[in-house]
Amino acid sequence: MGNIVKQVAVLGSTGSIGRQTLEVVRALPHRFGIIGLAAGKNIDLLANQINEFKPRFIYYQDRKVQPRLADAEYEFLSLEEMASHPQVDIVVMATSGKWGLSPTLAAVKAGKRVALANKESLVMAGEIITNEAKLNRAQITPVDSEHSAIWQCLRGETQKATQLILTASGGPFYHYSAAQLNGVTTEQALKHPSWRMGKKVTIDSATLMNKGLEVIEAHWLFDMPFDNIKVLIHPQSIVHSMVEFIDGSIKAQLGYADMRLPIQYALSYPERLANPQLPRLNWDTVKNLTFEQPDLDTFPCLKLAIEAGRKGGTYPAVLCAADEVAVELFLSQGIKFTDIAKLVEQALEEHQAISHPTLEEIMAADNWARERVIQLVGGDNP
Ligand code: MG
């Protein structure tokens, strides 16, 4: 047994998941300590976090900007060095985008527990990451609420599940027609009905791309064929996902929609810890739980993602990259909401895929897709 206080490195500590991870650690100081903090450009918030948690290791992207730090000794490490450092017990991968790939790989190669919130790692490089995790006995504990739910439902079972059922809130536009969707604004798209999340994932929730990425992640995390992964729209966001077994029995995990719960479980597993700050579901406010089939014609991103996942190779990398650029263009009001799916589809159609790609080939596909989407909208880099 290691230390009672587990040493946690949070990569992406100033983002939504990073900040909520620090809330969990702050509430449970007898169980978790912060040994490393890494962030991109939000230097002021990072400096506050460093001054509060006094980590040994720090990283920030722009070294020309000096954060205001109290007098203490800090060691500046690269993301990969921090993710694989022998003194780190748990790596929380909360960076967004493809920058999460290489540190995630470093962490699994070092046999760490990786509390994984970075979607791109498994979507773009699921084969490489899961193989290395097996090889090095690294444990990937999912932070996403849906995968955490599935993982909790699988505990104690000795046979493989027959079906995974991912729930989706449906986002703010779920009952919109194709014509209505055409005119939605960035402000409308950024209003998520039930979860507290970053901008990119909020838009991805509105297009259902987020659910498509989660299907691909579930495929890798739980070694489940795409045919056996189902998506249901569940606007109340109380059932976080379900698992069906060989006898037809279905288990579900429920709870108040708060990311701190799956984050905490990814850190504390196999234990559950009492945390008075985690809200409880109030059954007086629950009128009904509804489930319906997703509308794949009005929300084509879900279908595109599942197809890209099924085809495998470098297709999921192109999906991620094209979507990221398209979402940025939508946020900067360069394109319409419905153009996101069109651009992703076009990039996937044109892509010359490579099967069983190396990390370099994945990154090359990512670059190609970014450039292609910018060309398709007829502009330079926004
Ligand atoms: Mg999710």
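A residue is called buried when its relative accessible area is under 20%, exposed when over 50%, and partly exposed in between, using a 1.4 Å probe and protein chains only. The structure is a predicted model, in which local features need pLDDT of at least 70 and side-chain atom pairs count only at pLDDT 80 or more, while totals for chains, interfaces and linings use all residues. Residues are numbered from 1 along each chain as its sequence is written, and side-chain values use heavy atoms, with hydrogens and water left out.

**Exercise 1. Find two residues other than glycine with positive phi, Asp223 and Ser237, and decide for each whether it is buried or exposed.**

Step one is to place them, with helices (H or I, at least four residues) and strands (E, at least two) taken as DSSP runs numbered from the N terminus. Asp223 sits in the loop between α10 (209–221) and β9 (229–233), and Ser237 in the loop between β9 and β10 (239–244).

Step two is the backbone angle: phi is near 50 degrees for Asp223 and near 50 degrees for Ser237. Most residues other than glycine have a negative phi, and most peptide bonds are trans.

Step three is accessibility. Asp223, with a relative accessible area of 58%, is exposed, whereas Ser237, at 5% relative accessibility, counts as buried.

A further backbone feature is the cis peptide bond from Tyr269 to Pro270, with omega near 10 degrees; Pro270 belongs to the loop between α11 (260–268) and α12 (300–311).

**Exercise 2. Identify the protein donors of the magnesium ion and their spacing along the chain.**

Donors are N, O and S atoms within 2.8 Å of the metal (3.2 Å for Na, K and Ca), and since water is not among the atoms, sites may look incomplete. The protein donors are Asp144 (OD), Glu146 (OE) and Glu214 (OE), which lie 2.1 to 2.4 Å from the magnesium ion. Read along the chain, these donors follow the spacing D-x1-E-x67-E. Asp144 and Glu146 are both buried.

**Exercise 3. Trace the open sheet of seven strands and give its edge strands.**

Two strands pair if DSSP finds at least two bridges between them. The order is β4-β3-β2-β1-β5-β6-β7, with parallel pairing. The edge strands, each pairing on one side only, are β4 (75–76) and β7 (139–142). Inside the sheet, β1 (residues 6–11) is joined to β5 (residues 90–93) by four bridges, and Val8 has Ile90 as its bridge partner in β5.

**Exercise 4. Describe the surroundings of strand β8 (residues 163–168).**

All six of the six residues in β8 are buried. Gln163, Ile165 and Thr167 point one way from the strand, while Leu164, Leu166 and Ala168 point the other way. β8 pairs with β10 in the antiparallel sense over four bridges, and Leu166 has Ser241 as its partner in β10. With β9 the run is parallel, over five bridges, and Ala168 is partnered there by Ile233.

**Exercise 5. State how the two domains meet.**

The bounds, which come from an automatic or database domain assignment, are 6–142 for domain 1 and 148–253 + 279–377 for domain 2. Contact means heavy atoms within 4.5 Å, and by this rule 21 residues of domain 1 touch 27 residues of domain 2. Buried area is the accessible area (1.4 Å probe) that two parts lose on being put together, summed over both; here that is about 2100 Å², with 66% of it on carbon and sulfur atoms. In domain 1, Lys119, Val123 and Met124 lose the most area to domain 2, together 30% of what that side buries.
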